[in-house]
Amino acid sequence: MMRLHKVYHRLSLLSLSSSIHPPFALSPNLNLNVPFLSSSPRAPGYLRTHSRNASKPAMTASRFHHLVPVNSALSEAGTAGSGSENTSATFTEEDDENVSIGVKYRLPPPEIRDIVDAPPLPALTFSPLRDKILFLNRRSLPPLAELARPEEKLAGIRIDGKCNTRSRMSFYTGIGIHQLMPDGSLGPEKEVRGFPDGAKINFVAWSNDGQHLAFSVRVEEEESSSSKLRVWVADVETGTAWPLFQSPDIYLNAVFDNYVWVDNSTLLVCTIPLSRGNPPKKPLVPSGPKIQSNEQKTVIQIRTFQDLLKDEYDEDLFDYYATSQLVLASLDGTVKEIGTPAVYTSMDPSPDEKYLLISSIHRPYSFIVPCGRFPKKVDVWTTDGKFVRELCDLPLAEDIPIAFSSVRKGMRSINWRADKPSTIYWAETQDGGDAKVEVSPRDIIYTQPAEPQEGEQPEILHKLDLRYGGISWCDDSLALVYESWYKTRRTRTWVISPGLKDVNPHILFDRSSEDVYSDPGSPMLRRTPAGTYVIAKLRKENDEGTYLLLNGNGATPEGNIPFLDLFDINTGSKERIWETDKEKYYESVVALMSDQKEGDIHINDLKILTSKESKTENTQYYIQSWPDRKLCQITDFPHPYPQLASLQKEMIRYQRKDGVQLTATLYLPPGFDPSKEGPLACLVWSYPGEFKSKDAAGQVRGSPNEFAGIGPTSALLWLARRFAILSGPTIPIIGEGDEEANDRYVEQLVSSAEAAVEEVIRRGVAHPNKIAVGGHSYGAFMTANLLAHAPHLFCCGIARSGAYNRTLTPFGFQNEDRTLWEATNTYVEMSPFMSANKIKKPILLIHGEEDNNPGTLTMQSDRFFNALKGHGALCRLVILPFESHGYASRESIMHVLWETDRWLQMHCVSNTSEVSADLDASKDRASNGVTESENKAVAATGGGGAELADNFESEQFHSKPRLHH
């Protein structure tokens with residue numbers, strides 16, 4: 001799949017709903033180079049555009065399901081940038097009594113508001129043949145009214161019943177087509193036309209030959225069915241669009257999958273069944289009590305999921321909205337229903353367009369796990385709808401262990417081989433899915449034709465002792481198999497020859513996933529005529545070697561220096577054929593552009609798409625061609641916030657008292673001169689990370705030359721208020737060997753924060769008494785703990801969407817997979833709720849009222865605030881109506897910024913108390929092994945927990961151009 005390899009800080013998606021793509025895209029079929037965990041050989045990817053606002057981009061077709069829009073997930077429903085009428089209030093100074101009442105939304109100062117309100121850049125996506133590029137127009141932050149639409153919370157997902165799709169879905173407002181000229185320039189724009197004015201566009205998907213586009217259209221009209229989605233198609237050459245279905249009664253059901261091109265003239269569409277009536281009505285009087293039972297004494301440990309089914313009515317409602325009728329629709333108007341209505345979750349055509357992999361879920365449902373663990377059936381059909389065979393029917397999976405690297409029993413990761421016409425492969429666990437069970441092998445990979453001969457058994461392709469992580473296919477002589485193990489951070493890459501039985505598999509790379517300095521890069525993939533992606537092989541003149549292209553981030557102690565290596569798969573020798581200009585710019589290889597033809601690519605025909613940016617220059621995209629390395633710039637995006645164009649950025653390094661090397665990015669406002677202004681008020685914004693080794697924790701990640709992307713809620717907005725910003729100071733929580741990192745959480749947290757604060761004070765850029773700390777999600781948890789256990793460091797704190805009482809997440813959280821009863825002291829000591837009596841510094845708590853992230857229930861902030869208030873702490877709680885884990889609407893975002901700015905002005909800029917007076921004394925106590933909590937405690941971070949997956953804040957998230965492949 002095409003992975004966005006520039007994942008800056010993590011960002012919470014406001015909707016855990018369906019597929020999303022970032023704002024700038026390569027074609028739906030252009031792969032990035034991280035080959036892991038793609039569920040389809042036709043995996044897509046997108047370009048980044050650094051826009052001043054980052055609204056969550058519109059949904060794309062099912063081919064985009066595995067993309068994470070790192071820079072554009074803030075707005076869940078696009079609308080005009082002006083917002084709604086109830087945000088027309090101006091920013092005013094209020095006395096404490098009035099603002100504590102706080103009944104209206106407020107606006108931050110103009111210097112912040114202007115950055116957030118700037119219009120977003122379009123998303124872009126290349127055609128499969130790389131000869132055209134789409135400009136997908138977007139709107140700015142949505143009004144709160146968009147989020148206030150009714151939604152059904154069912155089985156772990158949220159559904160907009162009026163549209164019959166996931167709720168809070170953004171959209172595009174128009175599509176422009178540009179020819180990509182041979183010299184790299186863009187031809188004049190051709191607008192796609194024919195759909196209604198004001199239409200909201202989603203799920204844009206190219207046909208495999210690049211001649212047509214499919215997309216969905218909805219037009220919002222009160223009390224009208226037209227808000228449901230209809231499928232449209234457009235001729236790319238003319239720009240003319242028309243409805244796919246002539247009947248006005250056929251609507252798209254996009255709760256799970258939506259549609260897929262089966263061939264160049266036919267789409268397979270999930271539709272709302274024509275026979276469907278009105279939604280089931282909730283009984284006024286229940287038929288009986290709600291009962292859950294475990295009379296079989298089964299051990300079932302489950303993390304804190306939200307939005308689950310609650311009763312039989314919810315089950316019926318879920319079936320009502322999620323059930324689809326599959327329909328084959330041709331461009332000539334032919335329509336054919338195939339199969340019976342069911343809750344179809346994915347549809348995947350085989351590369352030769354003869355078969356379909358059809359996945360569905362069915363009853364019995366569960367009240368304790370989301371729909372991803374419901375009984376799952378996977379079948380093979382022909383593309384004209386005839387049932388071939390059942391691959392598996394997996395039972396309800398309520399008992400997947402909470403230990404990391406645990407998986408579901410039975411067949412999983414079922415896919416088509418990308419290099420074969422219609423061959424299926426999958427993995428099966430040998431340890432019952434339980435990571436705590438020691439067994440060899442742990443996973444077996446099988447392969448089998450779509451229609452095997454009678455009695456033909458699945459063939460064992462490879463056996464693994466770690467957990468299966470995916471395959472990059474090439475041909476019968478070459479495929480790369482990935483495996484990893486979270487507890488040890490070990491990751492291995494195997495070379496196998498799928499069609500050569502006499503060639504033994506061997507390990508190509510065996511390393512720690514934490515050791516970024518040793519990362520050799522990932523093989524670049526090329527598009528096949530069938531639209532799948534396989535490893536690109538290169539050849540050189542008069543050379544019989546087998547060469548791959550390894551695309552890597554190039555992590556070094558001086559920062560990332562991305563590279564492209566020509567790698568001989570047989571000898572292991574490497575030749576660096578491209579590397580970033582590290583002096584001023586940060587460049588990276590985004591995708592191959594010379595992959596339209598079958599077969600190996602000659603080195604002299606190599607063409608790549610690269611991105612280029614600097615500290616002060618927005619990301620632009622270039623096509624570079626061999627052998628003369630000619631460079632053609634294809635974008636010219638403006639600076640998203642020219643008022644901060646001359647901001648100062650530096651990647652700094654310093655050391656924790658235990659010798660661990662730490663890094664951070666220090667931002668200073670334009671024109672700052674310490675000799676004239678003196679030290680500034682400083683905002684420290686971070687998110688802890690968990691590691692197994694001190695060496696890995698101290699490695700430098702990122703580049704000093706990357707563009708400073710500023711999102712709608714980014715800490716970097718306060719550069720416009722003349723703050724120094726210490727962004728992302730590393731807070732490594734290390735547990736070496738058998739040691740559990742969380743057992744020393746508080747100690748390591750405080751030590752890391754002390755080192756960061758000492759460094760900014762030493763540099764003379766931060767006033768010792770005016771340093772604030774903040775974070776989102778697990779960063780909010782960090783913030784509360786620092787105010788409790790390191791009050792000598794910070795004057796105040798800002799904690800957004802956090803969890804503060806770990807006893808409310810008793811079966812694990814973040815990267816902690818021990819239960820409350822196995823690690824009671826750790827759970828208690830790491831919970832800032834338990835130390836509410838120690839928090840004496842002002843703390844601002846902000847939380848979405850509809851937070852759907854596992855573990856961070858809104859109740860966490862409610863109860864923490866009451867605990868703080870009960871001990872007389874200076875605190876404020878802001879609950880945002882209709883907002884989820886991240887914040888989406890213009891009203892909410894502007895108010896969050898107003899609250900944050902008010903808090904910082906009152907308790908940081910105006911602070912006169914001696915915050916750091918006891919710094920030295922505290923350091924002395926710490927050096928003797930005593931922390932403020934008098935315990936060695938607690939929390940996890942770094943790689944895979946629910947809160948980490950939804951970490952929201954980052955200065956680099958929203959304004960970078962994103963590329964879709």
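In which loop does Pro364 lie? In this predicted model, Pro364 belongs to the loop between β17 (355–361) and β18 (376–382). The peptide bond that leads into Pro364 from Arg363 is cis, with omega near 5°. A cis bond also joins Ser440 to Pro441, and its omega is near -5°. Pro441 is placed in the loop between β21 (423–429) and β22 (443–449).

The backbone has further points to note in its loops. Asp307, which is not a glycine, has a positive phi, near 60°. Its place is the loop between β14 (266–271) and α4. The relative accessible area of Asp307 is 14%, and because buried means under 20%, Asp307 counts as buried. Arg722 is likewise a residue other than glycine with a positive phi, in this case near 65°. The loop that holds Arg722 runs between α6 (694–697) and β44 (724–727). With a relative accessible area of 33%, Arg722 is partly exposed.

Another loop residue is Ala823, found between β47 (796–800) and α9 (824–829). Ala823 has 5% relative accessibility and therefore counts as buried. From the C-alpha of Ala823 to that of Pro810 the distance is 9.8 Å, while 13 residues separate the two in sequence.

Among the helices, α7 may be followed from end to end. Helix α7 covers residues 745–762, 18 residues in total. From the first C-alpha of α7 to the last the reach is 26 Å, close to the 26 Å expected at 1.5 Å a residue. Of the 18 residues in α7, 15 are buried, so the helix is largely enclosed by the rest of the structure. Just after α7 comes Gly764, whose phi is positive at about 75°.

The aromatic rings offer another route through the model. The count of aromatic pairs comes to 20. One of them is formed by Phe203 and Tyr259, with 6.4 Å from centre to centre and 85° between the planes, an edge-to-face arrangement. Phe203 is in strand β9 (residues 200–206) and Tyr259 is in strand β13 (residues 259–263), so placed that the pair links distant parts of the chain, 56 residues apart. Phe203 and Tyr259 are both buried.

A tilted pair is made by Phe404 and Tyr486: the ring centres are 4.7 Å apart and the planes stand at 40°, hence the description as tilted. Phe404 comes from the loop between β19 (387–394) and β20 (411–416), and Tyr486 from the loop between β25 (478–485) and β26 (490–496), so this pair ties together parts that are 82 residues apart in sequence. Both members of the pair, Phe404 and Tyr486, are buried. Tyr486 has a charged neighbour as well, since Arg489 lies over the face of its ring at 4.1 Å from the ring centre. A comparable contact involves Lys612, which lies over the face of Tyr585 at 4.2 Å from the ring centre. Elsewhere, ring pairs join Phe256, Phe318, Tyr365 and Phe374 into a cluster.

The last topic is the pockets. The volume of the largest pocket is about 470 Å³. This pocket is lined by 19 residues, and those closest to its centre are Ser287, Gly288, Asp311, Glu312 and Tyr313. Sorted by class, the lining of the largest pocket holds 9 nonpolar, 3 polar and 7 charged residues.

The second largest pocket contains about 370 Å³ of space. Its lining consists of 20 residues, with Gly161, Lys228, Arg276, Pro279 and Tyr320 closest to the centre. The elements β5 (157–160) and α4 (312–322) are those that give two or more residues to this lining. By class, the lining of the second largest pocket divides into 9 nonpolar, 3 polar and 8 charged residues.

How values were computed
Residues are numbered from 1 along each chain as its sequence is written. This is a predicted model: local features need pLDDT of at least 70, side-chain atom pairs count only at pLDDT 80 or more; totals for chains, interfaces and linings use all residues. Side-chain values use heavy atoms; hydrogens and water are left out. On a 1 Å grid over the protein atoms alone, a cavity is a set of points where a 1.4 Å probe fits but cannot get out, and a pocket is an open set with protein on both sides within 12 Å along at least five of seven lines; lining residues have an atom within 4 Å of a point. Grid points are joined across faces, edges and corners, and a volume is the space filled by probe spheres set on the points. Ala, Val, Leu, Ile, Met, Phe, Trp, Tyr, Cys and Pro count as nonpolar, Asp, Glu, Lys and Arg as charged, and the others, Gly among them, as polar. Helices (H or I, at least four residues) and strands (E, at least two) are DSSP runs, numbered from the N terminus. The expected span of a helix is 1.5 Å times one less than its number of residues. Buried means under 20% relative accessible area, exposed over 50%, partly exposed in between (1.4 Å probe, protein chains only). Rings of Phe, Tyr and Trp (its six-membered ring) pair if their centres lie within 6.5 Å; planes under 30 degrees apart count as stacked, over 60 as edge-to-face and the rest as tilted. A charge sits over a ring if NZ of Lys or CZ of Arg is within 6 Å of the ring centre and within 35 degrees of the ring normal.
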